[in-house]
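Me: I'm new to reading protein structures. Could you walk me through one, feature by feature?

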Amino acid sequence: MNLAPKHLRRYKDVAFLFLRHGNSATNAEAGFANDAAAGDQAPAGDAKQLATDLEKLGPTFVKIGQLLSTRADLLPPAYLDALSRLQDKVEPIAYEEIEKVVQEELGVRISKAFESFEKTPLAAASLGQVHLAVLRGGRQVAVKVQRPGIRQEIIDDVDSLEQIAEFLDANTGFGKRYETCRIVDQFRASILRELDYQKEASNLSELKRNLEGFSRLRVPGTIENYTTSRVLTMDYLPGTKITALSGVVLTDLDGDALAEDLFRAYLKQILVDGFFHADPHPGNLLLTHDRNIAILDLGMVGRIQQRMRDQLVHLLAGISEGNGVQAAEAAMSIGSPRDGEIDRVGFISAVEEIVGAAKAQEIAKIEMGSVVLRVTKACADAGLRIPAELTLLGKTLLNLDRVGFALSPTFNPNEAIRRHLGEVSKARVKETLTSANLMGMVTETKDFLGQLPARMNRILDLVADNKMKVQVDSLDEKALIVGLQKVANRITLGLMLAALIVGSSMLARVETSFRIWGYPGLAMVFFLIAALGAMVLFVQIVFKDR
């Protein structure tokens, strides 16, 4: 491990976390403690304390906590809930530093680039803060500015965590089972994307295009000439956090329609577009003054390949219909075994129990995201390696469930999925029937038909000439025969040694003048030969047999 001072400080911080929470249910769930059953009964106070400690350790650990909130295979439900609510609580940095960053990035003075620029931030977080401004021409914008030095600080912290992860993977069963280096690599990629504001601007533009058909959802447009890797300028969409809405507003609001539209939009993002906003917590979803929903902060997004989208349709359909077998089969198609075969029957039974328990809940208590996260935990317990996209999807749906409940306490996510899966399936079919896909299918069919006669001729020629060969992988017969011979030889030798011992015992009763150590000599000779043969056989079995 690297013993540089900057790494030693983080080693100390991680050691502090393990010491403080080492007897809590986190370790029981992860396999560090003996009582694994304690994991499901984690005290909420311990979970909140862990979240508080992570907030005190700075932005890197806050982001790690948010990542861990998607890992139902690592932490019990109380911890997932506490970590999913982690928020950056930092003091805003001085306006002079913000001004310096903006001028360095845009290459002009703020007074020339903007008609006005508020010195007091609208919001401050660990990675950056947002200021209200007005462009020349009167367009009101929000300017997101990255904190000076935060990128290098996070890179140093992640390097320290990578050293710890390598140690855990090499020296602990926990590391080998959960592949902590893989988790750190996933975190590094995620946080570096989040620090690139040009990437976030591209994400905003892509999501805005994908949601053009949803009139009640708003995504801020970006101003390309005013955006760099450390400064993001976008339309200002004023609004109120959905969880902070007063009872009067909720009474006047069509919450059912808004929740329905929001859920339908995210199903389209996940299952049709394969690109989704992965952090829809209440702070990033605002109710605008015209009673629409604004979607903000696209630093964290997920991308899902087409094959996985097909399996996710089956997974969500199985969960919403209460079909545990279908959900389990879809999960096994998405994941890959860590080591060898998995216990299919046991895994299917575990998923059936999860899905059945969810179906039996009251409508107000159903959380689709929680069910998906529990299924990912069952996958990990069964030895399946699940892609990061699935755990990210679980967290996204969990946040969506909470937002939907805030908008409409009677909103049923299961029913919403059932209503819209047909529409999603039609969109998936329409997506595959584009001119480009059809041209590819036609080209592949033409190639297949063109080569088919020649291939059939070759096969028929081999059959006619009796040259057709079929290769079958089977047991190594030679190794099997050698093994059987070794077993037979050992049994034969064992019987001979037993016969010598029995024979020597019988000869010991015959009186003779030839004696060894006071015993009949011939009996002792046979006994010593048997003892020597037994010792040789023992040495071969212990030191040479595989």
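Me: Let's take helix H6 in this one. Which residues on the other side of H6, away from the buried ones, are exposed?

Reply: This is a predicted model, so keep that in mind as we go. "Exposed" here means over 50% relative accessible area, and "buried" means under 20%. In H6, Glu96, Lys100 and Glu104 are exposed.

Me: And which residues of H6 are buried?

Reply: Those are Tyr95, Ile98, Val101, Val102 and Leu106. They cover an arc of only 125 degrees around the axis, so they sit on the same side of H6. Glu96, Lys100 and Glu104 are on the other side.

Me: What do the buried residues of H6 pack against?

Reply: Quite a list: helix H7 (110-113), strand E1 (114-117), and strands E3, E4 and E6.

Me: How do I check the length of H6, residues 95-106?

Reply: Compare its span with what you'd expect at 1.5 Å a residue. H6 has twelve residues and reaches 16 Å from its first C-alpha to its last, close to the expected 16 Å.

Me: What follows H6?

Reply: Gly107 does, and its phi is positive, near 80 degrees.

Me: Okay, strands next. What holds the strands of a sheet together?

Reply: Strands of a sheet pair through backbone hydrogen bonds, and they can run parallel or antiparallel. Now the case here: E3 (residues 128-135) pairs with E4 in the antiparallel sense, over seven bridges. One detail to look for is Val130, whose bridge partner in E4 is Lys144.

Me: How many residues lie between the strands in the hairpin of E3 and E4?

Reply: Four, and Gly137 in that hairpin takes a positive phi near 115 degrees.

Me: Which other strand does E4 pair with in the antiparallel sense?

Reply: E6 (residues 231-235), over five bridges. There, Val145 stands opposite Val231 in E6.

Me: Why is E4 described as largely enclosed by the rest of the structure?

Reply: Because six of its seven residues (140-146) are buried.

Me: What about the open sheet of four strands: in what order do they come?

Reply: The order is E5-E10-E9-E7, with mixed pairing. To find the edges, look for strands that pair on one side only: here they are E5 (217-218) and E7 (239-241).

Me: Do E5 and E10 pair in the parallel or the antiparallel sense?

Reply: Parallel, over two bridges, with E10 covering residues 293-295. You can spot Arg218 standing opposite Ala294 in E10.

How values were computed
Residues numbered from 1 in each chain as written. Predicted model: local features only at pLDDT ≥ 70, side-chain atom pairs only at ≥ 80, totals over all residues. Heavy atoms only, no water. Buried < 20%, exposed > 50% of the residue type's maximum accessible area, 1.4 Å probe, protein only. Pairing = 2+ DSSP bridges. Expected span 1.5 Å × (residues − 1). Arc of directions from axis to C-beta. Contact = heavy atoms within 4.5 Å.
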